[in-house]
Each structure stands twice: as structure tokens, then as C-alpha cells.
Amino acid sequence: MTVWNKQQKQVIDSRNYNKNILVSAAAGSGKTAVLVERILESIMTEEDGEYKNNIDEFLVVTFTRAAASQMKEKITKTISEKINEESKKEYPDLKLVDHLLRQQTAVGRADICTLDSFSAKIVRENFNVIGIDPAFNVTDGNMASIIQEDITEEFFEQLFGGTDGKYIKSADFCELANVFFRKTSDSELKDIFSRVIRVASTMPDPVKWLMDSRLTGEIDEMPWMKFIIRDIYGQVETAIGYNDKVLEIAEEKQDSKLIEKARLDREILEGIKEACDPENGGGYKTISEALSGYKFKPKSKDEPEAYTYFRSKYSLKSGIIGSIAENITGSGKLPNMDSLKKEIEENTSKWIDIIVFTSIEIYERLMTEKHRRRQYEFSDISHFALQILSECDDEGRILRDEKGTALPSGVAKNYADKYKFIYTDEYQDSSYIQEDMLNLIARTKNGIPYNIFMVGDVKQSIYRFRQASPKLFIDKYNDYANVTDLSKDDIPEDASGVVIDLCTNYRSRKPVLDATNYIFKHLMQKDIGGIDYDDRAALSFASEADIYPAETGPGRKPLVMLITQPQDEEEGMSGEIKEEEIDNDEYEAELVASKIDELLNDEEFLILDTDKKVRRRVKPSDIAIIMRGVKGRGDKYETALKRRGIGVKLDNPNGYFDAIEITTMLSLLSVIDNVRQDIPLAAVLSSSIGGFTNSELILIRGNVEEKCSFYDACISYIEKHDEDEIKTKLERFFTMIRELEECKNYTGIDSLIEKVLEKTGYDIYISALPNGNIRIANINMLMKKAEEFEKNSFNGLFNFLRYIEKCRYHDIDFAEAQMDTGSDDKVQITTIHKSKGLEYPVVFLVGLGRQFNQMDEKKDVYVDGDNHIAVNYLDPKRRIKDKSFMCRSIIRLSKLAKVEEEQRLLYVGMTRAREYLIMTGVDKKLSEESGLDYKLRSTFKKYLTWIEPLLNINAVYDVFDVETYLFSDIAVTNEVRKFKEKADYIKLSEELKEKSQERDVQEKRDAVEKVYRQKEEYPYLTDTVTKAKMSVSEIKKMLYEETGENEEAVASYFDVYGIHGDEDDEAAGSPGESVEKTDEAAGKTDGTAGKPDREELIKKAEIEKAATRRGTVIHKIFELMDFQKIDSEEDMRDAAENIMSDDFFTEDDRKMIAEGNYIKYIARFANTDLFKCMKKADKEGKLYKEAPFTMGISSDENESGLVIVQGIIDAYYIDEDNNAVIVDYKTDRTGKKEILIKRYFEQLRLYSEAVMGISGNKIKKAVIYSLYAGEVSVIQDYDR
């Protein structure tokens, strides 16, 4: 039985507080276990002798799908334990057992999910409120970015062409483009609007956020100016703190002159502070005047050293006060109010207005396109959900009260009635959208929510790049009443919410916690980060839990290892390495690898096996190397470890497009799409697929003197040379390319890649290479991406290659496939972000000397979620361009936010360690500072900027061991560098290793081929191809392939060979007759009769595509048609024509329907008895259109289980005898009913099974309504 500590027990028992509760749960404090126990206790609480709380009355919002799944598993497991515990009692509470059994069954359908999943649920349940199609799809961000770029490019062409937009004039836009961006490319112009819209899309109301970005009203009331004033106020407060120390020293010395000087300093500081206080009339004008008019007295000769030291912190030009203006403007002076107003009114506001209105129009066009496609991103779904839950004006804008709180709609009130309890995990990473949504569905008392339970740790809020807002947590942390260790009776009644702290850490040894507390008590303070790292926030060792028994020792102090240059030697002396020769990551990797090797061989270094509860030697899999980012750095650590024979797993988020198998396959696809592409063609020819050497490619290129494409050079070589090896290889290669070119016109891209593998055996080749399983997984991932791509209303090889190119351009990587298993005994290399929530016995936190990324500062337009948009100052007439004051201010504010984020990332990294923490970094000049002041804490440079001054305090040796190395001390690295001066030793070694494996590769390839040949003899082969889940369409396709039929293919063949289906069945003939007639007409008597040529195949593919779209359009018309408003054929014709005006349909759709006169065929349906029955059922609420289903059917080929079938039934209704009638619309161009019955019997049988499962009714009949054959009864009186 779990023993809870006092604070955990308080959280669990806080269920009856009737207030919002925020649990500030530090790293390793057991928050998830507490959250699950609190839910279980709520379920088991009796009210008036009854168990009234059910799991489906909870809404539990998690940060990831994995966390939601784990939460459900833990709740289910805990319920099972409670049931077993109660059942074993002599007199069990049977009512409780029965209640828990019901809860256990209900967990699977409970709303324990991510915000994205909950938003989708709201939208699908209430799609009618905002008028969107419930059959929408969620597209990935990669695809959405391409759609946005296409929309942007189209709009740019319009504006550059002189045509005004809805909100923006062409002339204004062109002026912005001419002034800010290069004339040779509009990529920078696209980038700015991409960034603006990306940030706006994360806000509850994107258009409102954009409009709020405009510079209107008083300067002091602008959000960014308020933040700047607060920043200056914080710096002055820090200066006053130093002045307190100066005054204290002066009073100790009882020196009147020193005391007077300190008090004069205080008057200046208090004056600046008062100038920052808006309640006393302070604002930008008073601040700029105060900072330009002060003057501290100079240093005296006889001042005590400590007095001078602390006074210099604020009195010197380089001190806190003197640096205020420099931190913002880069110079020593703030602009006066008049010049600032002029800058904003005459320059900055003009450019921002153009950016805002252009962005709004792009955003609206983008949403129109998404509506047309019925494809949305998760952020769009969240916005729809928020609109559904809020009261909105006529334009869909969310209505808010005077406090800015969104007003709940009727739908929101219904959800509030449903959910008794709202839980949100990882609250520190919440966004403004999530905050609005949860408040809208919360139960309230006097307008204040009281049933939201929030748990998180703001010190671990590290997702600012996703627009997570830790401010939401911080505001509640500071505003709610802290009731930790208080009884319910002591809670203030007027508190809007309460905070309970969980700070006992059950993960790490005490030395790790002591070191973490030491760093962050100095670093994390309220003026930067919003909270003080005080006793409330500090980590407490769980001594009472006996996780680390006393006999295991106290544990090792964390170690800091720094690499630096000699600080006191002349340049060129022994031990110093020139700066240009230094690769910091390489040196650091060598030091880390050497230390890991030492730990693995240290017999005295034992760790606790948490599973077996015994001490043992450390293994590679116990060790993690954690860094800010692994791109371009992780491979150096991987190499250093491999050189020592230590297994390593690199958690690399990038590199997919750089993998050789992917570059080769994409090059081949590019050649198939257009053979006249020199680089892809040369890449494929030089790969194992082409098999050409560099010398052979040079001979081919040298074969022609004139300028031409490499393809032309290849063709020329074939034409000019007699039979030789190169010619034979070229002919074989281009024959294969021509065959694949034909395939691309009528097959999916994933199938095309499969054919490439089949023809080339490339999968066999790469599987035999080192890491072959990962290479195969990468190819499979490419096929999966291709399949997903074609589901997003895009198709064609050209478009797919363009999609991949856009992903590369936008630095969107798919990440290499990972095939390592959990049993691999390897050192893990990962990022801080990916390590969050994990723990390792030994952690190397590396790269602490790496500079933070500050590239955003170089942009002409700066975008920030909290502070909106800023642009550089630009005067085209005077040809002056510089950072505007506003831009510099927002950069300063953004830096402060990044400082907070990086501090939290450092905290996350340090708290991953259970037993031993090693921190490493490279700094060519170590800091001589001792301690951290505001200036240092607010400096955005590198982690060592904050850490090194703390290592210069004597107390550091109580919590850290510190080792300093010179570059020359790392002998192994120097040895490697000597090799690298002559050749890349590592690369050469790898190449030699691969060369030596060529024979092994061939043997492996032969072995794999042998396995392939044995497939026919494998008795369970069908089990390897039978899918666990299929759609009805896939089952139909499989059946058609077995019988040689295809629903739309039959009709398409009729069209290809000149035979058109209509009411005259005899005219349609049969597919076989069609081919004979066409062959004779085409004069095919050379053995190719019956085989369509390439042009016919292309035409067939195009017609199949058109037929599929035709079916989709006609089905959509039937779906959207309101049967209750139709009394005649004319009514149905009008309704169909009106539906066709919807944005869902394209101009091509309308043209296709008009040319085929399909409206006439559709309208005939109004005259049928079937329609009259459906209309009657509709009026009675018994007609169900587009009914989705999921069911299991037994597989003839797979004896081991069921196949899950998913589908959507066009319509079914319940008749007056309470029997179900299924209706399936068909557009096959045949009037022969027996063909339709044969073709669709199995599909309708599956539908019958599904409807019986859904409704419980017997099936009276299942019918097809065919545009050409009318009503066709396929199944009669179906029952199990």
C-alpha cells in the first residue's frame, strides 16, 4: 500500500475545497500518482449512501497522447487493485465493487485526452454550430505550410500585378516589399508573413491578435512598453539592493562621508524608481528624463574595497543603471518622448499596418481554402472548438466581458453540466486557447470557476516555441492562497483558488538535489521568471521513503568539468591551441567519452538497481548524454564513444533527408518524374541502383563536346557506341526508367516506390548494409508519407516531390526511423526536451558553453506572441535603416523570456539525474565574477554565463566537485586532430570498413534473396499480409482484384475504348468485347491485341481519377440534400444545383456534372418509392446519413484473430415495422442489375452486419440506388 507524505495526502483530500486548485509539483514529486489517486478517491466517495461520481464525469487533459494512454492504464490498474483489495475482505462492500467494475469498463471511453483530441470531439459533436463539414480531416503541419505558401504566392502575384486586396492596397504592399526585402527574391517576404500567421494561429482569436498588433493609443499603454517599464523597474530594484549593502558597510565604518554618498545614491535610485511607477505619474517620459539627468559621485581614494565593489555595480557607466539604455538601444541614451512618438507615428506604425492587413487577408484566404478542402490543422480545430464554446458576434469573433473572459455559449453550459471535475496535467505548458476552453466549461460560483484541478511545475515549462504560456501558471501561483499544510478550515473563504506545493523529490540522491538547489536559489528569482526559488520551490530529499538506504552511502557530489585555454600564458606558448583549430564539441565529446569509459571500468562506482533493489556496476544504458540540441553535435559524441567500443544510441531528430537510402530514392523518383535533371540522374547512376563508377560517368559526359543535359549525354553514348559494358548498363537503366514512368500515371506513389524496390532489389541491398533495419524502416516511412500525402487531396509524383522539397526548405524533417529496442545496452544521446519526464542513473549535461541562438535579432521584422510585431526603422528618402526603438525593446523583452526558458531547460536537464550528475562545457575565458546580479541573470549568452560565477563562491565546494582542463590536456583529441590534418581519419576508417564488408554484403544479399524465394513454401505467409484493420473500400478492391473486376475500372474501360454506358445495356457490351472492337479499329494484329498501350493506360488512369471524383461529388450531393424540403423531381433538381454552388465543389466538378447531365439522373430519385420512404423516415428522425461504423469480422486467412473493418454507410432508415433498410448510392455506368448485385453483394452484407450492430434492428432489405439502373434490391430479410 502506497504511503503518501503530508502534502500529497493534502492534495488527495482537497476534493471538497470547492475552489480551483493549483498543485505546484516539483520534479520527481510523484504528481501523476497523486493525480490518479485523487481521481480514484473521488470515484469511491459516498454521498448519501451512494457512489455518485463516475469516471465519465471527469475531463482529464494531458499534454501528449502517450500521457493520456498511460493515465488510462494507471487508472485502470489502480481500480483493479482496489477491486482485489475490497474483494479479499471478510465482508466486502459489494456496492463499491459493483461501482468500481462499472468504472473500470468506462475508463476506455472516458475523456482522458489531449486538448487537440478534446477539441476535435467538441467540433464533431457540434459541427452544425459553426457550419463546417463533420467529415473533415486533420492534415499535418507540413502539408498546411505548403498550402499556405501557395495561397501567399498567389496573393503576392495579385498585389505585385497592381490589383488591390480586400484590406491592403497593391501600392502599399509593393512599397513594403521594395523597402524591406531583396528585389531578386520574395523568400524573405514570405517568411515574415509565415511567422506572423504562425504566431497569430496560436492565439484564441488570430484576427484580434493581429489587429491588437497595430500601434494605436498612448505609448505608455502599449503592451510592449508596459513590459519594458517593468524590466527597468526590476533593474532599479536590484541596484537599490546593492545600495543597501553599500550603506550597511558605510554605517559599519561609521564614516559620515561614505554614509552621505550612499544616501545621495539612494535618492537618485529612488527617483528613477518613482519614474517607473505609473500610479505616481511615471511612464516612459519620466523614465527617459530620469535616466538622462542623474549623476553619481565619483569614487574616493580612501573608500573600503567592499564599498567600492558593491557601489560600482550600479554607479559606473557599465553598471546596472548605466546599462539600462544600452540593454535596449545598444547605446547609452533613450530617445525622448517626442522623437519616439515621431518614429512610431511616421514610420513604424505604417509598416506594421501593412503587415497586419496583408496577414489578415492571407489568413482569411488560407481558411477559405482549408474549408474548401475540409482539411484543418490541430490549431484550427482548437479555434473551432473555442468558437463553439463561446458567445460570438456575427463575424464569429469571441465576445468577452470587461475582464477579458470569454462568455460561455449554451453548448459550453451543457459541457459544464456534464463534467463535475476538470483536471489538467502539465499546466505550466498550457496555452491561452486551453485556458479559455477550460474556463468556459468549468462550473462557476459568483462568476469564478471552482472545479478545475491543475498540476504542473513552472520550473519545467520549456515549450515557449509552441506558444505555451507559463505566465498562466505564474499568475495563479502568486495570486492564489498558498494553503500547503493548512487544514480546510484555515483556507480563506474569499480566495479565488488555492496552491499546494509538492517539493519532496523521490527520484534523485541528495547531492544531486543540493546542487540543483544551489544553482537555482541564486539564478531563478521573481524579477526574471516570475517566481522565487525559495524554500517553497526548492527540492527536498525523500529521506523517509528510504529509496537510497543508508548503507549505500551518501552518493557522489555532482561534477563540473570545464575546458578552457591557458589564462596566463603568452600567445604561442606550450599548451595553447589557435582558436581556428578548436572544435569545442569535439574536445568536449572526447572528455565526456573518456569519463564514461572511466565510470564503466570503476569497480567502486555502484548504482541502485531500482527494479531489483540491489547495488550493481553501472552499464552503458544507465548513462544519458543530454544537450540543448543534437543536430551537428551528437555525432561527435557518438564517434568518441564508438572509438572506445562503447555502444551508443543517438536520438537524432534530423538527418532523415540526409540518409543515403532516402537521397537515392528521392533522386530516382525525380528522374522518373523528369529524366532531364542532371543532379538526381547522376546521383542515381552513381548509386548501387545504377552501378556506374565515377570514371564511367566521366566517360559518358566526355562523349559529347557541346553543352547538353546529362540525359542527352547518356543517349548520345548509347547511339555512338557499339556494345560495351557502359552502353549495356545505360540501356538497362533507361528501360527500367521508362517502365516506371508508365507506372507513375496510374499507380500511387507508395506503390511506385514498391515497384522500384521490386525492380531494383534496393531494399535487399540496403538491408545488408550496417544498420540495415533502420534503412529499411526509413524507406517504409517514405512510403507511408507518400500514402498520407495522397490522402490530403494532393496527388501525383511531381506534387509529392515538391512537397518534400518544401519540407527541406522549411527545415521540416521526418526524423530517422528508430529501431533500437529497450534492451539495448547503449549510452543514450538526447535533447533536454526529449528527456523531460525521464530519468537516468547517470547524466552528462553537456554543451553548457554553447552560445544561445540569437538569429532572430537580425531580422527586419520581429514577431513575438506576447509583444506582437515590431519592425526596423526605415526612411527610404534618406536611405536610413536601423533598429527601431520598439524593435530593440521587443528584442530585449524576448531575450528576457528566452532567459527564463533557458533557465528552466537547465533545471530540467539537471533533475534528470538519479545518482550522479556531470556537467561539462567549453569556455575559452573563464568568468572571474563571484555571484549573480540582475545584469548577469538577465544576460542571454550561454549556460556557463550563469554557472561560472557560482563556482567562484567558496560554498560551491560543498555541493560540486570542479575540474578544469586545458585543450592540451585532452591528448586523444590532439591525436585525432593530427590525423585530420592529413586526412579525415574517422571517415577513412568507416570507408575502409565498408569496403571490407562488400563480400559480407553480397553474402547477406544472397541470403535475403534465398528467404524471398522461400516465401511460396512458407505455410503461414497469409498471416504476414492479412491486415489487422481494413476499410470496406479495401475489401472491395481485394475482391475485385480476385475476380478481375473493378467498380470504376469497368466503367473507365468502357470510356477508354469508346463505349459509353447509358440506359441501353446492350450498347455497353462487355469489357472483353470492348477490347476486341478497339483492337480491330486500332489495327492491333501483332500480338499486342488486348493490351492497352502507354497512351491508353494514361488515359485510363485519368478517367479512373475522374470517375472517382464523380462518385464523390454525387454522394456529397445526396448527403447534403434536405429530403424534407423536396416534393417533386423539380425540387430535387433545384436542391442539387443549389448544393453544387457550395465551396466544397470546384469549377471542374460543376463542369463535369453539367456535361454529364447528372443532375437529371439525380432528380429522378424524387419519383421513387425508396425516396418517399426515406423522406418519411427523415421527418420521424429515423433516417441516418453517412453513418460510420467499426466492427470485427473473422478472417479466413488469419486463424489467430479478427480483422477490424471500418466504413461509412451512405444511408439507412428504420421503417414502420422497426426494421432497417440500407441504401447505397452507386454511379456505375451500367443498367444491368445482376452485375450490380454480383459486384456489391459482399459490401451490402457487411453493411447489414454493421447496422444490426448499431441499431439492433433486423435488416428488411439492403438496396442500391443506381443513377442508371434505379433501385436494385441486393439483400432481403437479413438476420444473423
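Over the ring of which residue does the charged end of Lys350 sit? Select Lys350 together with Trp351 to begin the tour, and you will find the charged end of Lys350 over the ring of Trp351, at 4.7 Å from the centre of that ring. Please keep in mind throughout that this is a predicted model.

From there, turn to the interior and select Trp224, Met225, Ile321 and Ile441, which are the residues with the most contacts inside the largest nonpolar core, a set of 125 residues. If you then colour helix 11, which covers residues 223-253, you will have picked out the largest share of this core, since 13 of its residues come from that helix. A second core, separate from this one and made up of 57 residues, can be located by selecting some of its members, including Leu681, Phe733, Leu769 and Phe789.

Go back to Trp224 and display its surroundings, setting aside the neighbours within four places in sequence: among the residues in contact with Trp224 are Leu215, Ile344 and Asn867, and also Phe885, Met886, Ser889, Ile890 and Leu893.

The next stop is a loop, the one between helix 3 (65-87) and helix 4 (94-106), where you should select Asp93. Is Asp93 buried or partly exposed? Its relative accessible area is 27%, so Asp93 counts as partly exposed. When residues up to four places away in sequence are not counted, Asp93 touches Tyr51 and Glu86, and the side chains of Asp93 and Tyr51 are joined by a polar contact of 2.8 Å. For a sense of distance, draw a line from the C-alpha of Asp93 to that of Ile83, which spans 9.8 Å in space between residues that are 10 apart in sequence.

Now look at the aromatic rings, of which a search of the whole structure finds 49 pairs. One of them to select is Phe520 with Tyr907, an edge-to-face pair whose centres are 5.3 Å apart and whose planes make an angle of 85 degrees. Because Phe520 belongs to helix 21 (residues 510-523) and Tyr907 to helix 34 (residues 885-910), the pair ties together parts that lie 387 residues apart in sequence. Both Phe520 and Tyr907 are buried.

Finally, select Phe1118, Phe1123, Phe1165, Phe1171, Tyr1225 and Tyr1265, which together form one aromatic cluster. While Phe1123 is still highlighted, add Lys1185 to the selection, as the charged end of Lys1185 sits over the ring of Phe1123, 4.1 Å from its centre.

Technical notes. Residues numbered from 1 in each chain as written. Predicted model: local features only at pLDDT ≥ 70, side-chain atom pairs only at ≥ 80, totals over all residues. Heavy atoms only, no water. Core = buried A, V, L, I, M, F, W, Y, C linked by side-chain atoms within 4.5 Å. Buried < 20%, exposed > 50% of the residue type's maximum accessible area, 1.4 Å probe, protein only. Helix = DSSP H or I, 4+ residues; strand = E, 2+ residues; numbered from the N terminus. Contact = heavy atoms within 4.5 Å. Polar contact = N/O pair within 3.5 Å; in protein donor to acceptor, adjacent residues only side chain to side chain. Phe/Tyr/Trp six-rings, centres within 6.5 Å; stacked < 30°, edge-to-face > 60°. Lys NZ or Arg CZ within 6 Å of the ring centre and 35° of its normal.
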